[in-house]
Amino acid sequence: MTIYNTYLFGKVLDKTSWTPAELEKIGLQAQAAREAMRGASREYIINTLVKAGKLFGKGGKYRKAALAHLKEHITFSEPVIDKSLDVIPELLDKQGMNKRMSMELFLPYALETTVERRGYSGLIRAMPKGVVLHVGAGNVFLGILDSLVIGFLTKNVNIVKLSSSGSNFINIFMDALKEVDEEGILARSAAIISWKGGSQGLEEAALKNVNAVFVWGGYEAVQSYRKIAPIDVRVEGFGPKTSVGVVFESCVENEGMDAVARRAATDASLWDQAACSSLHTLYFVAPAKKHKALAADFLKAAKKHFTQLAKDLPPGKLSPDEMVEINKARQLARVDSALGNASYESSAPKTDWTMIYEKDPVYRVSPLNRVLYVKTVESLEEVRDRLLPMRGYIQTVGVGGSIERKKVMEVLGPAGIARIVRLGKMLEESNGSPHDGIFPMMSLVNWLPIEEKPSQLDRLSEMVEHAKSRSVFYGRHFKSVPKITGMEDFAKVPFLEKHHVLDNTPPDSSDLLTSRVQRGIYFASGGSTGQPKYIFYDQKEYDHTCRMLAFTMEAAGLGERDTIANLFIAGNLWSSWLSVEKAISYTKAISVPVGSNLPLENIVGYLEDFSVTAVIGLPSFLVKLAEYVKANPKKHKLLVNKIFYGGEYVGEEMVKFFKGVFPGVDVRSAGYATADAGVVGFQCPVCVKGQHHIFSSSQFIEFVDQDTMAPVKEGAVGELVVTCLSKKSMPIIRYRVGDLGRWIMKPCACGRKEHLFEILGRCDDRIHVGGAHLFVNDIQNALGKVPELSFNFQAVIDKKGHKDTLKVRVEVKDEASLPRSAELANVLWLQIQSHCEDLHESVRLKWLDKPVIEVLKPNTIERIQRTGKIRKVIDKRVKV
């Protein structure tokens, strides 16, 4: 493989001499490539880097070429180089890069689009700096590769300036990257050049057309670029650094000196101490009387580990000057030893390794090449005092001891340390850790804010465009939809029907999705139909939804003194129990995750044992719970003063029933929500019945006429249509939820600015029979007036000849009431008439025969197996 020393945006050549004009031209070429690089997707960039990394696996042609080239151009031994090359596939691991972006940028999706930041009333966007100049040191190749990688991850165009005396490994990497870069975006967004350092004219020319600089090298190199960089170009310097070890007496006692010695030898041997995180001086913290013995034990134990490491990972080639420095350190140690001030061990006559113990606790910078200084002190504060003169130059502290690491942070922090790790891990940087006190990726982007929330029109327009361009279904469904520039345009967007969701969601189709499913959760929706729809939320969307749900509970009165029992049904891909449980964790209350699968006696026992003050669940189950408590008035002492419900309608009669069982209880909606669109509204303490405040930042709702589907007048009753503004993985746009409602045309007495709307019942629960309009809620409220009857019922509509018929099936609370079924049926009929004048008139006019009321024993009416709900309305007039 031919290896060139220059790479210019996809072209290779050999060039060692440059003029300022040529470097300025390279900068202009880089600036011209910015738009293409910024337009590349994060997924494409990461996948391309992963492919390039795999080419450096053992046995590959690029691995072999790199190993052969580095052997000739850097001083490390072949085993050390080979071990270093093992890092490349790890560095370019997909999961690792995604994690790193999340850790360093906090909001990595901001590189793709504007995003919301919790607590900030606006939007932010991470924009690439543009063109980044990376200046590399001579003997370092992994560091400059890492710098180039984060440049790509942050969508920057990159110019790498190599030392004229170093290797051309980065050129080999760019050849590999070009081979796997299917669209050529990354390959055309990088240049690799080299010239001899110290030429201010060339450096000024290189800086003229760049937007950020990373310098990896000595103090002089960093200062040189900082002095001449334009005022708007930020220069980040990394190096030179030295690192220290601190071993506590307790670590030696608990782990043994052999383990301490092995870990210290590793940190002082890898990469021949050339890394900033390599161990130079090791301090033992112990009483003075133990210093001599600790030092002697360490030198004895570490000798075999240094020797073994020299065999496994031989030291590199030494220059004459390096040999002189090692011998000088050994000679000084020999003199100090004769004076009783030091002791030492080494591989003499070889220069493989050297350990020097000095009584003087002053910090020593090693001459490198596996020369380790050992010191003893009585306190950590003494170590701090010795490091203070080195402030700004100490990078890593390797600690021998576990519980002491936090103390090390607090005591040595003022000395300017940048990192604390376990001894033996000093050269293994954890993914997501700051580097030299900063997150480098943060220095490669500019954060641009829009200092106000976008209007709902802006968000609706953006959501339609997003769905239309990325979802197969919406691409078809919105084919003729023009760009949304006004609310009148949005009112013409086609509705999303339930069958659309059924037909275009997993497992049979992914057409409703806008991207590949990853990092998220599936839920089933559509309980009363019996045929579930499967809804997907990505991780961020689901977390946002649960936080909104937490807000609804707190807005309705849940507080830090409450203990709340989650009584929803768990499992079956149902969202309620899991989402509520996660939401509770975001509140100040204590959770008791009971569920509703246990016998009522056990559940009530938990409520008593944990002094539960609030419960949340399906109304139908909460009624069963209340009936049990009412039937056993002296058996349990409960403290329930808050009931939160969701999933079903709760009328006035049911509220009265709850208050009769739990005196003083406050009954509130746990939020108006659907599995499809998330949380739409919340109740404040002033809201009654189906009244809710809208989450206007996350939801947009409309009310339309059921027959014409045109918008109704403000305040008029209509079918509710919801658009979720925060759900992009599976967009929900103009979705017919199936509820009737209306805007409440007055501000809420609580003072909140979020508009009020009211839910009046299910559209598909509206019974149109014999000329009468009857709502399921009317029957439920009538049942509340008949104490012997439960709220479990079903309305069956049929035809007898040419006339409609209506039958209401209802269950008694106790089988003992069955002998009075005829009487109870008559009482219920009177109550239904009083709640629905329309039905009363239809029967009086003989448009409809008097409804048949069946009084049944408990649990007779068939439940939907998956959810446990009763199908409230069965219309047999429609024959399938």
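Leaving aside neighbours within four places in sequence, S194 touches N5, T16, W18, L162 and S163 in this predicted model. S194 itself belongs to strand β7, which covers residues 190-195, and its relative accessible area of 8% makes it a buried residue, because buried means under 20%.

From this one residue the view can be widened to the chain as a whole. The secondary structure comprises 29 helices and 37 strands, and 54% of the 880 residues count as buried. The radius of gyration is 36 Å, whereas a compact globule of 880 residues would have a value near 29 Å; along the principal axes, the C-alpha atoms fill a box of roughly 115 × 65 × 50 Å. Among contacts with a separation of 6 or more, 69% are made by residues 24 or more positions apart. The exposed surface of the chain amounts to about 39300 Å², of which carbon and sulfur atoms supply 52%. As for charge, there are 116 positive and 102 negative side chains, and the centres of these two sets lie 1 Å apart.

The strands offer examples of both senses of pairing. Strands of a sheet pair through backbone hydrogen bonds, in either a parallel or an antiparallel arrangement. An open, antiparallel sheet is formed by three strands in the order β3-β4-β17, with β3 (115-116) and β17 (445-450) as the edge strands, each of which pairs on one side only. Between β4, residues 123-128, and β17 there are six bridges, and one can be followed at the residue level, where A126 has W447 of β17 as its bridge partner.

Parallel pairing appears around strand β22, which spans residues 614-617. Strand β20 (residues 563-566) pairs with β22 in the parallel sense over three bridges, and N566 finds its bridge partner in I616. Strand β23 (residues 642-645) also pairs with β22 in the parallel sense, here over four bridges, with V615 and I643 as bridge partners. In a regular strand the side chains alternate between the two faces of the sheet. Within β22, A614 and I616 point one way while V615 and G617 point the other way, and all of them are buried.

Among the helices, α14 (residues 291-312) contains L309, which counts as buried because its relative accessibility is 15%. Apart from neighbours within four places in sequence, L309 is in contact with A265, T266, S269, P314 and R370. The C-alpha atoms of L309 and D181 are 39 Å apart, and the two residues are 128 apart in sequence.

The last stop is the backbone geometry of several loops. Most residues other than glycine have a negative phi, and most peptide bonds are trans. A cis peptide bond with omega of about 10 degrees joins A348 and P349, and P349 lies in the loop between β12 (342-346) and β13 (354-358). Another cis bond, with omega also about 10 degrees, joins P506 and P507, where P507 is in the loop between α21 (498-503) and β18 (520-525). Positive phi values occur at M709, near 65 degrees, and at R734, about 55 degrees. M709 is in the loop between β28 (699-704) and β29 (718-724) and is buried at a relative accessible area of 18%, while R734 is in the loop between β29 and β30 (735-743) and counts as buried at 1% relative accessibility.

How values were computed
Residues numbered from 1 in each chain as written. Predicted model: local features only at pLDDT ≥ 70, side-chain atom pairs only at ≥ 80, totals over all residues. Heavy atoms only, no water. Pairing = 2+ DSSP bridges. Helix = DSSP H or I, 4+ residues; strand = E, 2+ residues; numbered from the N terminus. Rg over C-alpha atoms; globule rule 2.2 N^0.38 Å. Buried < 20%, exposed > 50% of the residue type's maximum accessible area, 1.4 Å probe, protein only. Contact = heavy atoms within 4.5 Å. Areas by Shrake-Rupley, 256 points an atom, 1.4 Å probe, with all protein chains shown as cover. Lys, Arg positive; Asp, Glu negative; His and termini not counted. Charge placed at Lys NZ, Arg CZ, Asp CG, Glu CD.
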